[in-house]
Every structure is written in structure tokens, then in C-alpha cells.
Amino acid sequence: MTTTGRPTDQRPALIDIEEFFADPQFANPSISPDGTRLAYLAPHQGRRNIWVRGIDQTHDDAIPVTHDTRRGITTYYWTDDPRWLLYLQDTDGNEDWHLYRVDLDDPAATAVDLTPMDPGSRVLGADPLPSVPGSVLVTMNRRPLFFDTFRIDVATGETTLHREQDDPTAAILLDRRGEPAFRTALAADGAVEISAIDPATGHTRLLRRLGGAEHPMSVQPQEVTADGKGLLVGAFQDGDDLRLVRIDHETGEETVVAAVEGHDLDLSGMMLPGVLPPPIYRHRRTGEVLAARFVADRPHIEVLDPHFAEIHAQLQKLSDGVLATLSCDDSGQRWIATFVHDRDPGVTWFYDHTTGDAQLLFRSFPDRDPDTMAPMEPVAFPARDGLPLHGFLTLPVGVEPRNLPLVLAVHGGPWHHDSWGYSNDVQFLANRGYAVLQVNFRGSLGYGKRHVTAAIGEFAQAMHDDLIDAVDWAVDRGYADPDRIGIYGGSYGGYAALVGVTFTPDRFAAAVDYVGISDLANFLRTLPPFTRAYSVNNWYRYVGDPAIPEQEADMLARSPITMVDKIRTPLLVAQGANDVRVVQAESDNIVARLRERGVPVEYLVAEDEGHGFANPENQVMLYRAIEQHFARHLGGRSTDASRTPDSPS
């Protein structure tokens, strides 16, 4: 990695926290099936809402078609009827997602809940059903432990059971006509069994068993091919790289659809389908595979369809970033493309392949100068046991990159990965004068089978060693001042921050635990009941089962709650009151134990948030506290100069 130092007086101005953590002005765009309209998210009444406009119009002509004032919208769907739009919404972050209908002919009307359910139930998503116009297929757990598929008539709301789940560990995969084609199920040994379903009899026939622990989030993706005769999955086969593979319905034969030597298929988009970049790009109308996405220093797009190769070549000319999300009209000629970029997020273009015309539609933050943002640079180094580690280093602009205060930002999951692109919190910290180091420690997805399975049994041990090794690398290279190292993370990253200040209490000068786990056993006991069926290859395999006394004892030995007496690092804790993944007790308990000992700890609880803060005012509250916390203990810049000095870096 090469850097060029610049004088300290060339540091960019501090960007207001309210500006950094405001909702994007434009986000998540998509084109209508007929290619005449554009939908996207933009602020309205203080929250992210859905706006619709003609493809040739501007935002001044757009109309807000949703009016949520309690919580912003993230996921929405066009339907095959130009009158209706659908979206998902929960209540204050409780993840009880419901599917709502919007009438585009009457955008001021109140949205209709198509999926009224008891608390604790949720919609997983909505899919088109071309064989029954006007309908969508919706998967939800009206029965708390089972996710059944229902057919909903969008116009009337009439709901019909389409396919009942017979086993909490199994899934029926439907073809484009809505007919059952494959069944996947989790075997007792953790293997995922893939079976073909006979269309005449409904009987299943085992085709393949795919390994367990190397797929901690299950085998993903699982998508039926356009012709219904194959299943697209991510598989390691006999190697270390995750490939996109087709399993034949008749023979069970595996055919490699896409593979890149030394790189994994990128599964991160599975967390938010339709919002994040997908592992597989498919044609909206035909369902044919266009391209696949792979993990790399910068994400890599492997183009698979010859016609789309022409389109992708034109799209690449529009940005020096990497293709992110993509939508096309039914003709496959009109496209809306967004791009991943480390300094300029959400740049969106309209491209017409018939005419070759391209038009810049918007940037997510049009008032933010990309030149004042800090480049995110890929880095690599070995762990102490030789395991290759990959990560990203972001250095503050206008500062000599030596002896800087550094924040180790730890991703959640842990079965996730950091990737090249724009990050609000990373850019915020860099703007405040910190170097920011992100490392894809063992257990992170995206770096091969060996890398992920190296985390088995290594919570608070080798997984934490990887983080310490990353800090040592930054110190040895001269980037970081060893006396001004902070650690910050959410969810698993919050757990890692707590491990940092308990297992290695002398390494960090400040820490932030954001919706983090303090007690592994209690965390697993308090997960929603339906998740147990999906935990065999992740939490139970990598950490343990709290119902087994010996494993519970080991989990407690790896839990920060049992080592609170070692904490002397200044700590900030943040928690959402409605978090159903990491319940509030995880934060309450460790804060209470610290206060019993008289150890100062700052504690923020947002009553209208869940697993992470979504509402802008809560994000502002959180990051103002983080700004002051790190400035006080690491010496970075702060907008509150009366409380925290602007120390030179």
C-alpha cells in the first residue's frame, strides 16, 4: 500500500454529524416492469419513503407514495400491475416485518397491510408469480416455528396457502410457475440435503449432500433456474473457493456456472435482497443468469450472458466504481444501475441499450464532495499462525500517515465480511482524524472454506488474536500510535470490543460496544425460537449449545460478562430496546456489573430501535457520543471543542 503525506493544514473541514448520518437524498432505485417509471427512496416527513416519477422526469416531478413517519422504509417491490407497489415495514426495529400495499393511483391513501399477523411473526419476502397475474408469493411464519408460502391477490388482499413447510429445517424451492421443484433440508449431521421433487407425484429424490460447517449461513444462494430444471447454489466442491454451481434436477450432476480462482462467490447481498448487490444478477422477465459477483479487493463481476456483456461494457464506462444493484424493464433494454464506490456512494445511472443513451440520475449525497472523503485501501498480512488475513485501511485525508490514533472497526456476523465501498461510520471516523482498520478475521465469509472453518471453537481466542495481529501490523508499519488504539463494532463486533477490553485489557485506550453480545449462553437462549433450526452450522457448531452443561461452561469462559472485573478501558455501550437478536439484557447486565464496581461507563438506549439504530436522530445521538468518547480518549478531532481538544495527528 502506498500513501502520500500532506500537511496537516490540508485536512478537510469537519462534516457535521447531522449531515453524515442523515438519510441519503436518493437510494435503492429500480425501474418499473414496463420501463416508464422510476421508484426510489428519499426523505419525506423526516423518514425514508418511496417516491415514484416518470423515467424522463426529475425529482421535482416525483411523488411520495408512502408516508411513514415512525421508521424509514428499506425494501419495496414493483408488481405486474402498474397500479400497485409493495413494501416491508416493522415496528421500531422489532423485525416483525409486514407486507404493505400502496395504490399508485391514489398515493395519498393509507397503505394497506396485506399480512396482519400476531407479534413475533414476520414476512421474509415477496416474489412475483407470472403464472397467476396480479398475485405474489409471500413467505411468513403465521405458525411461529414454520415459514409457509402464501399466494396473495394484491388488489383484493385475498390470501391462500400455497405451500406448507413440513419441517422447520427444510425449504421447498419453487420454479417460476410457483410449482415445487427442489427441497433442501438440514440433516442431523449438519449437511444440507438437496432433493428433486417429482412434478407428477410430489415425491422427493436425494440429489446431493453439501457440507455443513463451511456453510454457517446455510447453502446460499438457492435459486431455481429459469427453466426449472436446475438449482443454482454456492458450493466449494473439492476446493477452497465458493463457486456458483448448477445441480441438475434429473441427474444431480454439478456444473460450474461461475468460478474465479482464489475468490468466493459474494453472499453478502443475501442479507437484504433487492437492496444490496446480489450474488447472482438475473433478467427480470426471463430469469436468465446474467452475471455473478465475487469477493475481491474490489468486488469482481463475472459476466455470464453474451448479450449482457455488451450492456455491462457500457455500464462500466459510467463509473470508476463497481456495479452494485441493477434492474431492467421486461424488455431488457432499459436499465437502472448503481455503483459501489469508496468515496461517492449510490451513484445511479439510467442506460437505454436500444439508443445507447446514458443519463446520470442522482448521487445518494449530492452535497458531499468525494475529494474530501478518504480512500479505502485493501491490505493483507498473515495471522500469527500463518492464516492469510485481508482487510481495509482508511487513512484520514490531509494528514501524514504516521502515528495516528486508530480505530479497529470489527464487522458483525461474524459470518459476514467487510468489503471495499462507502461506509458512513468509517468516513466519519476518518474525517475526525482516525485511521480506520477493518480486518476479515477467521470466520468471515468470502475468503474460502479454510478461512471460515478456522473459526470453529475460536471465539475469544484465535478470532480475537487476528484482531490483535491486525493492530500490531498497523503499529509495525508506523500507521498507528500504539497508545491511541480504539475498538468499535456492532453485534458480533460489539462482542469483539468487549472481548478486547476483557481478554486484552491493556491493548485498547477506548472501546464502543454497539448492540453487542456479553454472554454467549444467554444470547443463544434468547434468540427467537424459530432460529434454533438454523443454528446448527453456525452458533452451535462454532460456539456451542447452552443446553449442554460442558458447552455452556466453555461459552461462559469466552463471554465478557464473566470477566467484567478486568475492564478498565473507557467504554461506551449502545443498545436498541426492541432488539430481538441481541436482547437489551446483554447490554444491561454488563453495564450494571461495571457500575456496581464504580467503573464509569456511558450507556445509550434507544427505545424505538432494534438491532442497530435506523432513525437519523438516533444515529446522530450515537455518533455524537462516539465522537466525544474517542476524542476524549484517543485525541481525534471533535465538533465539541469545548469538551475535547482538537489534538494534532
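These are my notebook entries on strands, cores and empty space in a predicted model.

**Entry: strands β2 to β4**

I began with strand β3, residues 47-54. I counted 8 of its 8 residues as buried, so β3 is largely enclosed by the rest of the structure. I then looked up its partners. Strand β2, residues 37-44, pairs with β3 in the antiparallel sense over 8 bridges. Within this pair, I found His44 opposite Arg47 of β3. The two strands form a hairpin with 2 residues between them. Gln45 sits in the turn and has a positive phi of about 55 degrees. Strand β4, residues 63-64, also pairs with β3, antiparallel, over 2 bridges. There I noted Val52 opposite Ile63 in β4.

**Entry: the sheet β13 to β16**

Next I traced an open sheet of 4 strands, in the order β13-β14-β15-β16, with antiparallel pairing. Which strands stand at its edges? They are β13 (170-174) and β16 (204-210); each has a single partner strand, so one side of each is left without a neighbour in the sheet. On average, neighbouring strands of this sheet are turned by 25 degrees against each other, direction ignored. I checked one pair in detail: β15, residues 192-197, is joined to β16 by 6 bridges and runs antiparallel to it. Ser195 stands opposite Leu206 in β16.

**Entry: second largest pocket**

I stayed with this part of the chain for the second largest pocket, which holds about 350 Å³ of space. I listed 20 lining residues; the closest to the pocket centre are Pro180, Ala181, Ile197, Asp198 and Pro199. Which strand gives the most to the lining? It is β14, residues 180-186, with 3 residues.

**Entry: nonpolar cores**

In soluble globular proteins, nonpolar side chains tend to be buried together. I looked for such groups here. The largest nonpolar core has 66 residues, and Leu408, Leu437, Phe459 and Trp539 have the most contacts inside it. I followed Leu437 further, leaving out residues up to four places away in sequence. Its contacts include Val379, Phe392, Leu393, Leu406, Val407 and Leu408. Trp473 and Ala474 are also among them. A second, separate core has 53 residues, including Tyr434, Tyr488, Ala510 and Val620.

**Entry: cavities**

Last, I looked for enclosed space. How many cavities of 30 Å³ or more does the structure hold? I found 4 of them. The largest has a volume of about 140 Å³. It is lined by 19 residues, and the closest to its centre are Glu214, Phe236, Leu242, Leu267 and Leu445.

Terms used:
Residues numbered from 1 in each chain as written. Predicted model: local features only at pLDDT ≥ 70, side-chain atom pairs only at ≥ 80, totals over all residues. Heavy atoms only, no water. Pairing = 2+ DSSP bridges. Axes fitted to C-alpha atoms, helices over the stretch in contact; angles between N-to-C directions. Core = buried A, V, L, I, M, F, W, Y, C linked by side-chain atoms within 4.5 Å. Buried < 20%, exposed > 50% of the residue type's maximum accessible area, 1.4 Å probe, protein only. Contact = heavy atoms within 4.5 Å. 1 Å grid on protein atoms, 1.4 Å probe; cavity = no way out; pocket = protein on both sides within 12 Å on 5 of 7 lines; lining within 4 Å. Points joined across faces, edges and corners; volume = space filled by probe spheres on them.
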